[in-house]
Amino acid sequence: MPPSRSGEAAWWRQAVVYQIYPRSFADADGDGIGDIRGIRSRLPYLRALGIDAVWLSPFYPSALADGGYDVDDYRDVDPRLGTLDDVDALIADLHAAGIRIVIDIVPNHTSDRHAWFREAVGAAPGSAARDRYHFRDGNGAEGAQAPTDWVSAFGGPAWERTDDGQWYLHSFAVEQPDLNWSNPEVRGDFVRTLRFWADRGVDGFRIDVAHMLTKDLTEPLPDRSTLDTLPQDGRHPLIDRDDVHDVYAQWRAVFDEYDPPRTAVAEAWVAQHRIPRYASGEGLGQAFNFDLLEADFDAAQFRRIVTENLELARTSGSSTTWVLSNHDVVRHPTRYGLPHPDRGSDRRPVLKHGTEWLLSGGTQPPLDRDRGARRARAATLFLLGLPGSAYLYQGEELGLHEVAEIDDAHRQDPTFFRSPGVDVGRDGCRVPLPWTAAGSSFGFGADGAHLPQPEWFAAVAVDVEEADPDSSLQLYRNALAARRALQTEESLAWIETGRDDVLSFRRPNGWRVTTNFGVEPVAFDASDVVIASGEVVAGRLPGETTAWTRGG
Ligand code: GLC
Ligand code: MG
């Protein structure tokens, strides 16, 4: 049984949630692809880390056109990853260890292999089967031109033509046709999916691109340049529409049928002031705050972001969330080690072809790996000292850098193929984890890894870091254990340090969190240190270091 005393209904508010990208976590059957039994085999590791919940990225049947975010069947398991029984066993194992489980729901699109899409392609234009998606006639002679010139999030056109000449909308890859959320059958089916998993004991849901489900495709459709200038004020045809919240109000009623109520967190790339509606208790209940993930390692930016987001959380009644890395962005030690991370036009930190040489040994200006790692430790300890919940991404506890040295032949991410080749894509943060310094695929599995692992993984493998008291892994374990004492009232008070590059705040239990964002050491009362990301000696807090102290 899940740990479900009703008093624990708010377990999520300050939880540490650890994201597992199942295909790259641990491979029990030795086919090169991580699987559910692999995750179960690493339960002692998850327990020792001290997390409150696991978030599993999609494990559903999928052709992997987009790393599993192209779902063939929302109520089944990819046979390469295991069976429904395996997932039931995983849920039971995690619950027995006092760890909750959150799973990924991908409602904006199915895959093109989903039964509904196959049916739609075989059905006539105007049929009920096509109405579950967005099918349209094309323009020009014989409709040979796409209905609009819109582009997909991964680059290239957002419409694809079917054999009978109609076009369908895909906001992401061609293999990810967008669902029509005006269709009641679509709404009903997702409620069924939520219940299916909630009944099996899943504690919460991460909602993929939560801001894009509902659309207004009333003709005439605007062209791309018009679309781009339309304000995202709730009435935009495609993004962050007010009517998406009708969907989440219906879901909330479903979540609240359970004890404790099931939780949800929105992945919504919307303007900050639009976040609280996703996070409100009438809706999903929580939303990702990606502001730190988008920021530089900079005291002024960090302080502004913390203040703003605590205020937003007050507005929504939710707790705020903190994220530095996930499966979509360049790992944060690497971002912090580059002189000027190339964000392109995307809000997510991305790598462009031509800039990844910065990582793989280019000379001018090089990636400073140590500096990136030091800053990452400091930023993480700052984040873990904050009120709210923390979302960690597998491998960050090892201090992993982005893997830049993947040759084009091994790349999997559709961004790489559709940009084409301009964005190297997200494979570099999805390389299977190193568990041991020696052995096949660094202990990931018996027979290689589906993405190539670099040699330097040997130095950051779990068994190496477990034996090193100063490792990143030990820092995470110690910080998560110490953090329990901070999970009281969700507030902080800033302490003025008189320096632009040093932030300090006090938590209600009296502990103080101080980060030196600068390079030079600063004077510091080091008498009662709980934990620090670097060595605090002789009353000095080193540059690019965070310390938690009991008083001072
Ligand atoms: C989300 C996922 C990302 C995926 C996209 C389309 O942003 O995090 O990995 O590619 O949605 O489903
Ligand atoms: Mg496997």
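This report describes the surroundings of ligand 1 and selected salt bridges in a predicted model.

**Ligand environment**

Fifteen residues surround ligand 1, and those that come nearest are Asp66, Asp208, Glu267, His327 and Asp328. By class, the shell around ligand 1 consists of eight charged, three polar and four nonpolar residues. Oxygen atoms of ligand 1 lie 2.6 Å from a polar side-chain atom of Asp66 and 2.8 Å from one of Glu267. For the side chain of Arg206, an N or O atom is 3.0 Å from an oxygen atom of ligand 1. Taken alone, ligand 1 exposes 310 Å², and the protein buries 100% of that area.

**Salt bridges**

The whole structure contains 38 salt bridges. Three of them are tabulated with their N to O distances.

| Pair | N to O distance |
|---|---|
| Asp233 and Arg235 | 2.7 Å |
| Arg430 and Asp328 | 3.2 Å |
| Glu544 and Arg375 | 2.8 Å |

Arg430 and Asp328 are 102 residues apart: Arg430 lies in the loop between helices H14 and H15, and Asp328 in the loop between strand E9 and helix H12. Arg430 is buried, at 5% relative accessible area, and Asp328 is likewise buried at 5%. Both residues belong to a network of salt bridges that also links Asp66, Asp413 and Arg426.

Glu544, in the loop between strands E16 and E17, is 169 residues from Arg375 in helix H13. Glu544 counts as buried at 2% relative accessibility, and Arg375 is buried at 15%.

In the pair of Asp233 and Arg235, Asp233 is partly exposed at 29%, whereas Arg235 is exposed at 64%.

How values were computed
Residues numbered from 1 in each chain as written. Chains lettered and ligands numbered in written order. Predicted model: local features only at pLDDT ≥ 70, side-chain atom pairs only at ≥ 80, totals over all residues. Heavy atoms only, no water. Near = heavy atom within 4 Å. Polar contact = N/O pair within 3.5 Å; in protein donor to acceptor, adjacent residues only side chain to side chain. Areas by Shrake-Rupley, 256 points an atom, 1.4 Å probe, with all protein chains shown as cover. Nonpolar A, V, L, I, M, F, W, Y, C, P; charged D, E, K, R; others polar. Salt bridge = Lys/Arg side-chain N within 4 Å of Asp/Glu carboxyl O. Buried < 20%, exposed > 50% of the residue type's maximum accessible area, 1.4 Å probe, protein only. Helix = DSSP H or I, 4+ residues; strand = E, 2+ residues; numbered from the N terminus.
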